[in-house]
Amino acid sequence: MISENHKIQKFTDEAALSRAAAETIVKHLNDSLRIRDVYSIVLSGGSTPRRLYALLANDAVFRDRIPWDRVHFFWGDERHVSPDHPDSNYGMADAALLSKIPLPSTNIHRIRAEDSDAGKAAVDYEQEIRRFFKIDAGQMPRFNCVLLGMGSDGHTASLFPETAALEETDHLVVANWVEKFQSYRITMTVPVFNNAERIIFLVSGKEKANTLKSVLARQRESDPYPVQRIRPEHGHLIWLIDATAASHLS
Ligand code: 6PG
């Protein structure tokens, strides 16, 4: 445990990590729904969360404990592709989870990344988030739970090193040009993540071990990895990591 609201939990493998993530979400979701009507969760893309999504959809231990009609799904970022494209984060979550649960379509708030204008897709998504939270310009949404991953370069969502979106403080969502992909990504910004009630990082894979060691040791404070900027101001941050990702931790 790093601090009261900042924890690390290590698991033998991705399967155990995914089960713990499912249990953490189901518990937080039900505790939350005791005091409010709906629960807002921000999904992550990439490959690591796929197993978690499949567990929530297929394992009755988790699926049957969730009042799906009271859960609203958002995305932390999206590739600039259509929802049926193999790289689509929405597409992955739909195949693994959303298409398998009794969820009203109005509870799915996806990024319309099929729009050829990535900037417009970002503006539209910001407006959708403001509508859902009934907030005006200058106000920040407070998501109940945000799932995030980490790349070996220390990126999270589509906040990549040395990209413009890292410095964004006004907008909730931006189109972020990523040189190495020669493409835009549509991503929520650091202030949105840092206003969340709970952030859960899912990190698996030995290629991330070095970066994870630096991040958790709070090295590079002067030139932080993007992931190091994620520090919820009034919320909890949990790192769920597997043995391969933790292989350089003492
Ligand atoms: C994306 C994600 C990205 C992801 C990391 C880790 O759109 O790709 O939002 O930030 O979480 O790249 O990806 P893996 O889980 O595939 O290692």
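Biologist: What makes K208 a polar contact of the ligand?

Modeller: In this predicted model, a polar side-chain atom of K208 lies 2.5 Å from an oxygen atom of the ligand. The cut-off for a pair of N or O atoms is 3.5 Å, so the K208 pair counts as a polar contact.

Biologist: And how much of the ligand does the protein bury?

Modeller: The protein buries 88% of the 410 Å² that the ligand exposes when taken alone.

Biologist: What about S47, how do you know that its side chain makes a polar contact with the ligand?

Modeller: Same kind of check. An N or O atom in the side chain of S47 is 2.7 Å from a ligand oxygen. That is within 3.5 Å, so the pair qualifies.

Biologist: Which part of A157 faces the ligand oxygen, backbone or side chain?

Modeller: Backbone: an N or O atom there lies 2.6 Å from an oxygen atom of the ligand. With the limit at 3.5 Å, this pair is a polar contact too.

Biologist: Which residues come nearest to the ligand?

Modeller: There are 15 residues around the ligand, and S47, T48, R79, A157 and K208 come nearest. By class, the shell has 9 polar, 4 charged and 2 nonpolar residues.

Biologist: Where does the ligand sit?

Modeller: In the largest pocket. The test is that more than half of the ligand's atoms lie within 2 Å of the pocket's grid points.

Biologist: Back to A157. Why is A157 called buried?

Modeller: Its relative accessibility is 12%, and buried means under 20%, so A157 is on the buried side. You'll find A157 in the loop between β5 (145-148) and β6 (173-178).

Biologist: What is notable about the phi of A157?

Modeller: Phi of A157 is near 45 degrees, which is positive in a residue other than glycine. Most residues other than glycine have a negative phi.

Biologist: Where does Q182 lie, and what is its phi?

Modeller: Q182 is in the loop between β6 and β7 (183-188). Its phi is near 50 degrees, again a positive value in a residue that isn't glycine.

Biologist: Let's turn to R79. Which side chain does the side chain of R79 contact?

Modeller: The side chain of N89, at 3.3 Å. A polar contact needs the two atoms within 3.5 Å, so this pair passes on distance. R79 is also among the residues that come nearest to the ligand.

Biologist: Why is N89 called buried?

Modeller: N89 has 3% relative accessibility, and the threshold is under 20%, so buried is the right word. N89 belongs to helix α4 (residues 89-96).

Biologist: A95 lies in helix α4 as well. Why is A95 called partly exposed?

Modeller: Because its relative accessible area is 48%, and partly exposed covers what lies between 20% and 50%. As for its surroundings, A95 and D84 are 11 residues apart in sequence, with their C-alpha atoms 10.0 Å apart.

Biologist: How do you know that N144 is buried?

Modeller: Its relative accessible area is 5%; buried means under 20%, so N144 qualifies. N144 is in the loop between α5 (118-133) and β5.

Biologist: What does the side chain of N144 contact?

Modeller: The side chain of E197, in a polar contact at 3.1 Å. Set against the 3.5 Å limit, that distance is within range.

Biologist: What makes Y125 a buried residue?

Modeller: A relative accessibility of 2%: the label needs under 20%, so Y125 counts as buried. Y125 is in helix α5. R112 is 13 residues away from Y125 along the chain, and their C-alpha atoms are separated by 7.5 Å.

Biologist: Why is V215 called buried?

Modeller: V215 has a relative accessible area of 7%, which is under 20%, so the label fits. V215 is found in helix α7 (residues 209-216). From V215 to P226 is 11 residues in sequence and 9.7 Å in space, C-alpha to C-alpha.

Biologist: Last one: is I230 buried or exposed?

Modeller: Buried: I230 is at 4% relative accessibility, and the cut-off is under 20%. I230 is in the loop between α7 and β9 (236-242). Its C-alpha atom is 8.8 Å from that of I199, 31 residues apart along the chain.

How values were computed. Residues are numbered from 1 along each chain as its sequence is written. This is a predicted model: local features need pLDDT of at least 70, side-chain atom pairs count only at pLDDT 80 or more; totals for chains, interfaces and linings use all residues. Side-chain values use heavy atoms; hydrogens and water are left out. A residue is near a molecule or strand if one of its heavy atoms lies within 4 Å of it. A polar contact is a pair of N or O atoms within 3.5 Å; within protein, one must be able to donate a hydrogen and the other to accept it, and residues adjacent in sequence count only if both atoms are side-chain atoms. Accessible areas come from the Shrake-Rupley method with a 1.4 Å probe; for residues, only the protein chains shown count as cover. On a 1 Å grid over the protein atoms alone, a cavity is a set of points where a 1.4 Å probe fits but cannot get out, and a pocket is an open set with protein on both sides within 12 Å along at least five of seven lines; lining residues have an atom within 4 Å of a point. Ala, Val, Leu, Ile, Met, Phe, Trp, Tyr, Cys and Pro count as nonpolar, Asp, Glu, Lys and Arg as charged, and the others, Gly among them, as polar. Helices (H or I, at least four residues) and strands (E, at least two) are DSSP runs, numbered from the N terminus. Buried means under 20% relative accessible area, exposed over 50%, partly exposed in between (1.4 Å probe, protein chains only).
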